[in-house]
Amino acid sequence: MRSTEASLRLGWNRETATLALLSFAMLVVSLDQYIVVVALPDIARDLGYSAQTLQSVISAYAVVSAGFLLFGGRAADLLGRRRILATGLALYAGAALAGGLATGPALLLTARAVQGLGGALVFPTTLAVINTTFAEGRARNRALGIWGGAGAAGLVIGVLLGGLLTQAFGWEAVFLVNVALAGPALLLSFVLIPPDGEREKGRTFDLPGALSVTAGVTLIVFTLVQGPALGWSSPGIVISAVTGLLLLAAFAVNERRSSDPLVPPRLLSNPNLITGVVIAFMFMATFGSVLYFLSIYFQQVLGYDALQTGAGFLIPTAVVVAGSTTAGSLVTRLGLRSTLMAALAIGTLGAALLGVAISPDGSYAELIPGLVALSIGDGVVFTTMFIAAATGVAAREQGIASGIASTGAGLGAAVGLALLVLVATAGLDDLTGEPLCIATAEGISTTLFVVAGGIAAMLLLAVTRCPTPPARRPAAVPRRRC
């Protein structure tokens with residue numbers, strides 16, 4: 001039985017050690033979303049990728065990861081959270097080793113896809129373990145602040161570490177470093193996380209639902225990621241989109257008929273979870289896409305090498321970590337709605353400032369005010385949206401709730417990047433040299449203003465839809481008898 005008193009303390013005890021492990025595991029899988037970005041030019045040169053196929057190194061991970069998040073959350077609830085966490089870390093480490101040793105595009109893409117599967121098992125499982133280990137309220141908020149700080153920092157640290165490793169050891173190092181990180185986490189999971197109990201009787205995996213939603217989401221994400229490169233009217237993209245939508249429709253029908261559905265209807269009536277999912281989708285479509293465009297701006301416009309590009313993310317990394325780790329305390333003090341509103345307002349300002357500062361002859365110093373403001377919003381919102389998604393969810397369903405929230409984030413990343421790439425690259429065809437540099441800067445600047453608009457829309461959502469938990473009534477004082 002969980003000790004509430006122990007969960008309120010953050011002294012060094014088993015629960016704190018478990019939180020450290022889960023936060024580290026979250027950091028590891030978050031790293032991989034952007035650690036490869038800076039190494040892409042070297043990968044293209046050594047393995048023979050073309051400009052049209054290079055993006056698949058990123059999308060192979062993103063497509064599989066987003067498609068299997070619901071599967072991972074359900075598996076954690078039914079098969080055991082320690083088992084699924086260990087399985088995900090093992091797949092992640094093994095695929096990273098294969099990626100670092102790859103000698104051709106096919107092997108590298110396969111490794112990236114398997115890494116995405118590993119990440120899809122680890123992400124919702126770490127979140128579910130935290131939500132079932134720490135009591136809802138102050139203890140969980142503080143724990144999610146630390147976990148969220150690790151996850152949000154991983155997105156930014158990935159770019160920094162990718163630059164350092166690529167410059168020092170070559171592109172292979174951005175894969176092999178994950179073996180060194182995920183391996184110890186795998187071993188510690190058997191030490192710190194309690195053994196899984198017996199499977200709950202009467203619950204089924206809902207295999208038809210799991211297969212249909214996994215395949216459907218995977219195909220939809222594939223369509224969104226590859227549509228700009230292959231053409232929205234190309235046969236492969238059209239077939240993928242139609243098949244994905246049909247599979248999602250089949251999933252909806254199956255859920256109505258299933259006695260133990262993958263997504264219980266009561267979860268969809270939880271306003272906190274629904275708000276968390278929508279915010280997670282919009283967060284990754286806006287905040288989560290900025291790192292990609294900043295990396296392009298640093299390298300293609302300002303002429304930074306891999307190491308300089310990585311160093312350019314030092315300031316955002318520090319601010320994101322600070323924002324994420326303090327977000328839990330802010331939610332406890334100010335409430336969910338107020339915290340989200342303040343963070344989103346600051347994030348909107350930051351994106352707009354970056355849009356103004358980005359120019360063909362700009363400098364890094366001009367970016368700093370926007371980077372700081374955007375990173376504050378990034379860090380705080382990342383943690384807060386997962387606090388919202390976990391509020392009011394029973395322990396037995398924390399895995400699938402985490403899978404729903406993380407699937408929203410994965411879809412948002414795919415949709416956001418696909419649309420924003422179209423904005424940033426409009427009019428770049430047939431340009432070279434100085435005209436290409438100028439047009440690239442202008443396209444990224446426009447993209448940042450679009451991001452600012454998207455964050456402002458999130459702010460409006462937080463004002464109008466974000467529920468506030470009911471005030472706790474004071475405990476009744478027993479009436480004295482005369």
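Helices are taken here as DSSP runs of H or I at least four residues long, numbered from the N terminus. With that in hand, helix α3 of this predicted model offers a convenient place to start. Helix α3 covers residues 40–47, and the residue that follows the helix is G48, whose phi is positive, near 85 degrees. Within α3, the buried residues include L40, I43, A44 and L47. Viewed down the axis of α3, the buried residues fall within an arc of 100 degrees, so they line one face of the helix. This fits a familiar pattern. An α-helix has 3.6 residues a turn, so residues three or four places apart point the same way. The cover over the buried residues of α3 includes α4 (56–79), α6 and α8 (173–192).

Three helix pairs are described next. Two packed helices are described by the angle between their axes and the distance between the axes. Both values are given for each pair, followed by the handedness of the crossing and the residues that form the contact.

The first pair to consider joins α2 and α8. The axes of helix α2 (residues 14–31) and α8 come within 10 Å and cross at roughly 150 degrees. Angles over 145 degrees count as roughly antiparallel, and α2 and α8 are therefore roughly antiparallel to each other. The crossing of α2 with α8 is left-handed. On the α2 side, the contact is made by R14, A17, T18, L21, F24, V28 and L31, while α8 contributes N178, L181, A182, A185, L188, S189, V191 and L192. Sorted by class, this contact of α2 with α8 holds eleven nonpolar, three polar and one charged residues. Helix α8 is thus met twice in this account, as a partner of α2 and as part of what covers the buried residues of α3.

The pairing of α6 with α7 comes next. Helix α6 (residues 105–133) and helix α7 (residues 138–169) pack with their axes 10 Å apart and at an angle of about 155 degrees. By the cut-off of 145 degrees, α6 and α7 are therefore roughly antiparallel to each other. The crossing of α6 and α7 is right-handed. F123, T126, L127, I130 and N131 of α6 meet R140, A143, L144 and W147 of α7. The contact of α6 with α7 comprises six nonpolar, two polar and one charged residues.

Two residues in these helices deserve a closer look. A106 belongs to helix α6 and is exposed, at a relative accessible area of 57%. From A106 to E434 the separation is 328 residues in sequence and 35 Å in space, C-alpha to C-alpha. G149, in helix α7, is buried, with a relative accessible area of 4%. G149 and G323 are 174 residues apart along the chain, and their C-alpha atoms are separated by 7.4 Å. Not counting residues up to four places away in sequence, G149 touches L144, V321, S324, T325 and T383. One of these, L144, also takes part in the contact of α7 with α6.

Further along the chain, helix α17 (residues 398–425) and helix α18 (residues 433–465) form the third pair, with axes that come within 7 Å and cross at roughly 140 degrees. That angle makes α17 oblique to α18. Helix α17 passes α18 in a right-handed crossing. The residues in contact are L420, V423 and A424 of α17, together with G443, T446, T447, V450 and V451 of α18. Here the division is five nonpolar, three polar and no charged residues.

Two aspartates complete the picture. D77 sits in helix α4 and counts as buried, at 14% relative accessibility. D77 and I400 lie 323 residues apart in sequence and 6.9 Å apart in space, C-alpha to C-alpha. D378 is part of helix α16 (residues 364–390) and is buried too, with a relative accessible area of 10%. The C-alpha atoms of D378 and S338 are separated by 15 Å, with the two positions 40 residues apart along the chain counted as their sequence separation. Neighbours within four places in sequence aside, D378 is in contact with A152, F283, F287 and V320.

Conventions:
Residues are numbered from 1 along each chain as its sequence is written. This is a predicted model: local features need pLDDT of at least 70, side-chain atom pairs count only at pLDDT 80 or more; totals for chains, interfaces and linings use all residues. Side-chain values use heavy atoms; hydrogens and water are left out. Axes are lines fitted to C-alpha atoms, for helices over the stretch in contact, and angles run from 0 to 180 degrees between N-to-C directions. Angles under 35 degrees count as roughly parallel, over 145 as roughly antiparallel, 65 to 115 as roughly perpendicular and the rest as oblique. A crossing is left-handed if the near helix is turned anticlockwise from the far one by less than a right angle, and right-handed if clockwise. Contact means heavy atoms within 4.5 Å. Ala, Val, Leu, Ile, Met, Phe, Trp, Tyr, Cys and Pro count as nonpolar, Asp, Glu, Lys and Arg as charged, and the others, Gly among them, as polar. Buried means under 20% relative accessible area, exposed over 50%, partly exposed in between (1.4 Å probe, protein chains only). The arc is that of the directions from the helix axis to the C-beta atoms.
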